[in-house]
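Colleague: Could you take a close look at one part of this model for me? I'd like to hear what surrounds it, in plain words.

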Amino acid sequence: MRSPGSPSSVTGTTAGFEYVFPAIRGVQAGREFYVSMCPLRLIPKIFLFDEEELAPEVRAQRILNKGRIPALAAYIIDNPDDYVFSALTASVDGDMRFAGISDEGPGMRIGQLHIPMAARFLINDGQHRRAAIESALNENPELGDETIAVVFFQDAGLARSQQMFADLNRHAVRPARSIGVLYDHRDEHAKVARLLALKSPIFRGFVEMESSTLSARSSKLFTLSALYYATRSLLHGVEDVKDHAELADAFWSTIDELIPEWQLVRQRKMSAADVRRQYLHSHGIALHALGRLGNTLLCESVEPESWRPRLKPLSQVDWARVNPDWEGRAIVGGRVSKNHSNVVLAVNYLRQKLGLELGPEGTHVEAIYLRGER
């Protein structure tokens, strides 16, 4: 008894029963493997995690980080028409039998993969995707008819499974945040940051769109990721406005008027590299601090005549990196620090310049800073 890609209905022992998956056969390093499509509803039923209580040296997988699951599940549920999940990779501890649709030619590589129900499936890559699928199915069972690619390998023992995990993750590199912002068409703040970077006279031509770091000789002043985080902080909780991009552009235009070095770069009177080396205001921590500062004003009123005059004291801020006021706040040991506490301290400094009170978090972090405990 069998059914393509789904478990047979059995009682008692599973001996003699099997899963049958449509599959393509391939070869890597002299070993056969198989690629199939599995219904999502089948994934939680047959694919297992390695035992969490085992010591790392006798596991073939990392411990599941349950904190990642809600966001991954929400990604599927919130984007049912355009979510994308890459393939799962699994080892099968059991005999696999492949039957091609023909005995020669391309048909030898296309057919059905037979796996006994008594076999054990162990995920080598994709355990968090598997858990997210299970969580999403609990909320929306209709997703069960959709499919995900699965790559099946023959289980060759613990050492081989551990090596597979190491190899699959050896060269995995998380893309730079800037390019993630550039390509993200769901995040409204990413859209605003892209518009600013591409169309605003202040930022156009001076934003690094792909990398989240700038080389010492870069002709760019800002990174897209820094502009994104700053603008997201600026607009956080600001709802009573028709056009967030227009409001953000107005805010950064006002900041630009108060920072002459930005203008000098656009006028080719200073190089971007010199400005970054000598001043703090083009670095991510400064943009983030300015965004958080602006958010305080915009939450009180989005009308420019209300918040613009209150920003004027920023023209008196000494943004030079050699200014001792920045040591321990935004610069630690001569290097710009992006830690959360440093962002808070930088915001505190600017709030004091504008005569604004510190919030609870700012007061706490400031007290620690003043006690010299950082």
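Modeller: Here is a walk around asparagine 348, followed by the helix packing and a few salt bridges.

First, the ground rules: this is a predicted model, so local features need pLDDT of at least 70 and side-chain atom pairs count only at pLDDT 80 or more, while totals for chains, interfaces and linings use all residues. Residues are numbered from 1 along each chain as its sequence is written, and side-chain values use heavy atoms, with hydrogens and water left out.

Asparagine 348 sits in helix α13, residues 340-353 (helices are DSSP runs of H or I, at least four residues, numbered from the N terminus). Asparagine 348 is buried, at 2% relative accessible area (buried is under 20%, exposed over 50%, partly exposed in between, using a 1.4 Å probe and protein chains only). Its side chain reaches the backbone oxygen of glycine 362 at 2.9 Å. Leaving aside residues up to four places away in sequence, asparagine 348 touches Arg329, Leu358, Gly362 and Glu366 (contact means heavy atoms within 4.5 Å).

Now for the helix packing. Helix α11, residues 284-300, packs on α13 at an angle of about 55°, with the axes 9 Å apart (axes are lines fitted to C-alpha atoms over the stretch in contact, and angles run from 0 to 180 degrees between N-to-C directions). The two helices are therefore oblique to each other (under 35 degrees is roughly parallel, over 145 roughly antiparallel, 65 to 115 roughly perpendicular, and the rest oblique). On the α11 side, the residues that meet α13 include Ile285, His288 and Leu293; on the α13 side, Val343, Val347 and Leu350 are among them.

As for charges, the structure holds 12 salt bridges (a side-chain nitrogen of Lys or Arg within 4 Å of a carboxyl oxygen of Asp or Glu). One of them joins arginine 129 and aspartate 125 at 3.2 Å, N to O, and arginine 129 counts as buried at 15% relative accessibility. Another links lysine 191 to glutamate 188, with the closest N and O atoms 3.2 Å apart. Those two are 3 residues apart in helix α6 (residues 188-199), so about one helical turn separates them; lysine 191 is partly exposed, at 30%. Arginine 277 pairs with aspartate 274 in a salt bridge too, the closest N and O atoms being 2.2 Å apart. Arginine 277 and aspartate 274 are 3 residues apart in helix α10 (residues 272-278), so again about one helical turn lies between them, and aspartate 274 is partly exposed at 26%.

Conventions:
A polar contact is a pair of N or O atoms within 3.5 Å; within protein, one must be able to donate a hydrogen and the other to accept it, and residues adjacent in sequence count only if both atoms are side-chain atoms.
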